[in-house]
Amino acid sequence: MGMTIAEKILAAKSGRVSVVPGDVVTVQLDTIILFDNNFVPSNWRDIQRVCDPERIVVVFDHRVPAPNQIAAGAHRTGREFVKRFGIKRLHDVGREQGISHQLVADYGYAVPGTTLVCSDSHTCSGGVFNCLARGVGGPDIIYAAVKGETWFRCGETTRYELEGKLPKAVTAKDAFLQIAGVHGDHATQNVEFGGSGVAGLSINARKTITTMSAELSAEFATFECDDVLTQWLQARTQRPFEAVKPDADAKYKAVRKVNLSTLEPLVALPDSVVNNSQPVGALKGTRIDQAYIGSCANGTQDDLELAAAVVRGKRVAPGVRLIVVPASQTVYRDALKSGAIATLVDAGATIAPPTCGACGGGHMGVLATEETCITSSTRNFKGRMGEPSSRVFMASPATVAASAIAGTISDPREFLN
Amino acid sequence: MKFTARTWKVGDNINTDLILPNRAFYLTPEEQVSYVFSANRPGWAEQVQKGHILIGGKNFGMGSSRPAARSLKNLGLACLVAPYINGLFFRNAVNFAFPVVECPGVDEAFDEGDIAEVDVIEACVRNLTKGTELRAKVLPAPLLAIINAGGIYPLLEKEGSIAPRLAAGR
Ligand code: SF4
């Protein structure tokens, strides 16, 4: 029987001819990423041996630079771990700093046909590289670092055929909010993306969709490999790879079409992104205190350029804080060179260093009681970005930037002409 | 692996931030317990008694990789039964040896306070108060083995791959 992309990689990496939904398999891991939260005292377990230091990457991203002593201590423990086992890939505060999922993109850590785990739920981000990537738990990641393998439960796959081309000021985030709004959660399932519309989406745009698939509760989110992806990877890594295509007779739980051409800017209302999207017009006029552009889903060069285009020559509304967080130093450097950062700062944005920051409520823009934020980040659960009584709307960087200028939730199409 | 006890019920889409909010991030696992559902059900954590059973709604545990399952276990709950469970929460539950059972229809079959009998191995959930019975999904044998071993950490400790931890609340 034919297999989907996820099933094919699960089979190949578990040494089986095939897998079917319901199977539990033990899979060899190519890339294992630990990050600063793993090294916090309540989570860390002192590892005595690792499977292979070449397969391990250590990233400090959730709280960088350290906002307090506990975070600082976690970074210190992480550095000691790296030193003890001779791990070469450490992304510490400095030149190679960034959010892990962005670093995977910047450095070509995920290539087609491979497996990757990190104990952050948005690790499914790496599926944009035709890679089997998923977030695991703290114990999983320690087990993975020691053994180089983990167990996966194979779920059914839902496939999305993307067609057409996004209109101006409408982004991959809106495409995601459309899927999440209409189809709700995909728990215990994989999602697979393909179709003629993919060619027109940048890797950054596609990555927004795989990253956000964590909010669908998807197991794995994968894209097919094309020339755009091959070129991206060849510019960043020497690793050889082979594209994994789904079989023509692969069995899907559902195949759904999404016409990108007909989409409009959407906003997810507070507390959830599933079954919770509204056209931006429905929320027009909603007052905001903070606008946040960043995170592993929308802190890329594309996102910063788009935000800069929206705010160019304008000023952030009085009483509103626009916080912009490049997802990595690479993105930051590119946006400095292109002038996007200058445009944003001129408009009144505060640029934070690459970090998860307020996306996870850690630091750099945490919300006070009853404040309202519109964010381009990944998650808007109650209390996610600060006080439980704060409200977090979610939208594309274009919509967030437009809202920052207006001081109320606004349609970015009115700003980009 | 069979539990009989009073049930507590929560709704659909319970997320990890409700179970283990950011505000508790820097605390010890024991201290984190009192924050469970503090945003949506203040005071609940104090009412739970050892051995009680949690009946969840659809997509229980959506959200992050944080050790939310550990908090439910440390709270003293015997197990979680929900129609279907977020994959990442499910992994954490297995790996922290907190028994989880996926049982379609369980959310409708129970009112809070009903007495449940949950047989994890036989994949059977009974509502003793109402006299009804539901089939659950079988927990695959390799995962059951991890739960029986007390989770991943004791396995790794035993073979010397990680240093033992003296404090409770793994
Ligand atoms: S940016 Fe937000 S969603 Fe992404 S890894 Fe960091 S905390 Fe998680």
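Author: A disulfide is a pair of cysteine sulfur atoms within 2.5 Å. This is a predicted model, in which local features need pLDDT of at least 70 and side-chain atom pairs count only at pLDDT 80 or more, while totals for chains, interfaces and linings use all residues. Residues are numbered from 1 along each chain as its sequence is written, chains are lettered from A in the order in which they are written, and side-chain values use heavy atoms, with hydrogens and water left out.

Reader: How many disulfides does the structure hold?

Author: Over all chains the structure holds zero disulfides. A:Cys118 is in no disulfide, and the nearest cysteine sulfur, that of A:Cys356, is 9.4 Å away. B:Cys79 is likewise in no disulfide, with the nearest cysteine sulfur, that of B:Cys103, 11 Å away.

Reader: Why does A:Cys118 count as buried?

Author: Buried means under 20% relative accessible area, exposed over 50% and partly exposed in between (1.4 Å probe, protein chains only). A:Cys118 counts as buried because its relative accessibility is 0%.

Reader: How many aromatic pairs does the structure hold?

Author: Rings of Phe, Tyr and Trp (its six-membered ring) pair if their centres lie within 6.5 Å, and planes under 30 degrees apart count as stacked, over 60 as edge-to-face and the rest as tilted. The structure holds 15 aromatic pairs over all chains; one of them, formed by A:Trp44 and A:Phe81, is edge-to-face, with 5.4 Å centre to centre and 75° between the planes. Both A:Trp44 and A:Phe81 are buried.

Reader: Which residues do ring pairs link into a cluster?

Author: Ring pairs link A:Phe39, A:Trp44, A:Phe60, A:Phe81 and A:Phe85 into a cluster.
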